[in-house]
Amino acid sequence: MNDAERFLIVGLGNPGRKYRGNRHNIGFMAVDALAAAYNIQSSKVQNRAIVGNGRIQSKPVIIAKPQTYMNNSGDAVGPLVRYYKVPPENVLVVYDELDLPFGTIRLREKGGSGGHNGMKSIINHLGQGFPRLRLGIGRPAGRMPVPAHVLQDFGKDDRPLLDDVLAEAVRAIETYLRDGVQLAMSRHNGSLVNED
């Protein structure tokens, strides 16, 4: 297989039951939705990540959820990239973004960490030249500290919009795989919340 054809889709989050529904784990949720849509079994542990292999849009894809805890995500992603020889432009990282309102999706071709510790860790291993899909979770209301906000579960009232965000994330990843990052950005970047 030509290494340039292989893609690695990484969802960021924290491992373990107590973190499963957290805002910080929306990256895990998105890749779980992608795996479910394509019947990709993610049961193997490799390089400190849960991984699954399959085909999406006729492309060979590895789906990964680092089990290193968020702040050390690069310790799993770096070795996976090297093992599978995936070029940086074929590594898509999906994660939560405080600076985007909940219900907003933003795909970028490359860039910095934006203060996100999981992304800082990955950039330390890969540099900045890989695409990323940021899923907005919004900033905390009132005086709630940021760590408490990101480690808080989505509420019952958030569920319908969360389902829409995860479905749109899957569509954005499909477009990225089929047509490239530029078309995926123009088609999927924006808010799913009606402003009327």
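The exercises below, each with a worked solution, concern a predicted model.

**Exercise 1. Helix α2 and its surroundings**

Task: Determine whether α2 is largely enclosed or largely open, and identify the elements against which its buried residues pack.

Solution:
- Step 1. Establish which residues are buried. In α2 (74-84), the buried positions are G74, A76, V77, G78, P79, L80, V81 and Y84.
- Step 2. Relate these to the length of the helix. Eight of the 11 residues of α2 are buried, so the helix is largely enclosed by the rest of the structure.
- Step 3. Identify the packing partners. The buried residues of α2 lie against strands β1, β2 (44-46), β3 (49-56), β4 and β5 (91-97), and against helix α3 (117-126).
- Step 4. Examine what comes after the helix. α2 is followed by K85, which has a positive phi near 55°, although K85 is not a glycine. K85 belongs to the loop between α2 and β5, and a relative accessibility of 53% places K85 among the exposed residues.

**Exercise 2. Two helix pairs**

Task: Describe the packing of α2 with α3 and of α5 with α6, giving angle, distance, handedness and contact residues.

Solution:
- Step 1. Choose the descriptors. Two packed helices are described by the angle between their axes and the distance between the axes.
- Step 2. Apply them to α2 and α3. Their axes cross at roughly 35° and come within 8 Å. The crossing in which α2 passes α3 is right-handed.
- Step 3. List the residues that meet. From α2 these are G74, D75, V77, G78, V81 and R82, and from α3 they are S121, I122, H125 and L126.
- Step 4. Apply the descriptors to α5 (residues 159-179) and α6 (residues 181-188). These helices pack at about 150°, and their axes are 7 Å apart.
- Step 5. Classify the angle. Angles over 145 degrees count as roughly antiparallel, and α5 and α6 are therefore roughly antiparallel to each other.
- Step 6. Add handedness and contacts. α5 passes α6 in a right-handed crossing. The contact involves E168, R171, A172, T175, Y176, R178 and D179 of α5, together with V181, L183, A184, R187 and H188 of α6.

**Exercise 3. Aromatic rings and charges over rings**

Task: Characterise the aromatic pair formed by Y19 and Y69, then identify the charged groups placed over F28 and F130.

Solution:
- Step 1. State the total. The structure holds four aromatic pairs.
- Step 2. Describe the geometry of one of them. Y19 and Y69 are 6.1 Å apart, centre to centre, with 80° between the planes, and the pair is edge-to-face.
- Step 3. Place the two residues along the chain. Y19 is in the loop between β1 and α1, whereas Y69 is in the loop between β4 (59-66) and α2; the pair links distant parts of the chain, 50 residues apart.
- Step 4. Compare their accessibility. Y19 is buried at 17%, while Y69 is partly exposed at 44%.
- Step 5. Turn to the charges. The charged end of K65 sits over the ring of F28, 5.3 Å from the ring centre. Over the face of F130 lies R132, 4.5 Å from the ring centre.

**Exercise 4. Three buried residues and their contacts**

Task: For R23, M29 and L107, give the location, the burial and the contacts beyond four places in sequence.

Solution:
- Step 1. Take R23, in the loop between β1 (7-11) and α1 (26-37). R23 has a relative accessible area of 11% and is buried. The residues that R23 touches are D96, I137, H149, V150, Q152, D153, F154 and D158.
- Step 2. Take M29, in helix α1. A relative accessibility of 14% makes M29 buried. The contacts of M29 are R20, G21, N22, F154, L162 and L166.
- Step 3. Compare the two contact lists. F154 is touched by R23 and is also in contact with M29.
- Step 4. Take L107, in strand β6 (residues 104-108). L107 is buried at 2% relative accessibility. L107 is in contact with L92, R132, L133, V181, A184, M185 and N189.
- Step 5. Examine one of these contacts. L107 and L92 are 15 residues apart in sequence and 9.5 Å apart in space, C-alpha to C-alpha.
- Step 6. Link back to the earlier exercises. R132, a contact of L107, is the residue that lies over the face of F130. V181 and A184, which also touch L107, take part in the contact of α6 with α5.

Terms used:
Residues numbered from 1 in each chain as written. Predicted model: local features only at pLDDT ≥ 70, side-chain atom pairs only at ≥ 80, totals over all residues. Heavy atoms only, no water. Helix = DSSP H or I, 4+ residues; strand = E, 2+ residues; numbered from the N terminus. Buried < 20%, exposed > 50% of the residue type's maximum accessible area, 1.4 Å probe, protein only. Contact = heavy atoms within 4.5 Å. Phe/Tyr/Trp six-rings, centres within 6.5 Å; stacked < 30°, edge-to-face > 60°. Lys NZ or Arg CZ within 6 Å of the ring centre and 35° of its normal. Axes fitted to C-alpha atoms, helices over the stretch in contact; angles between N-to-C directions. Parallel < 35°, antiparallel > 145°, perpendicular 65-115°, else oblique. Left-handed = near helix turned anticlockwise from the far one by under 90°.
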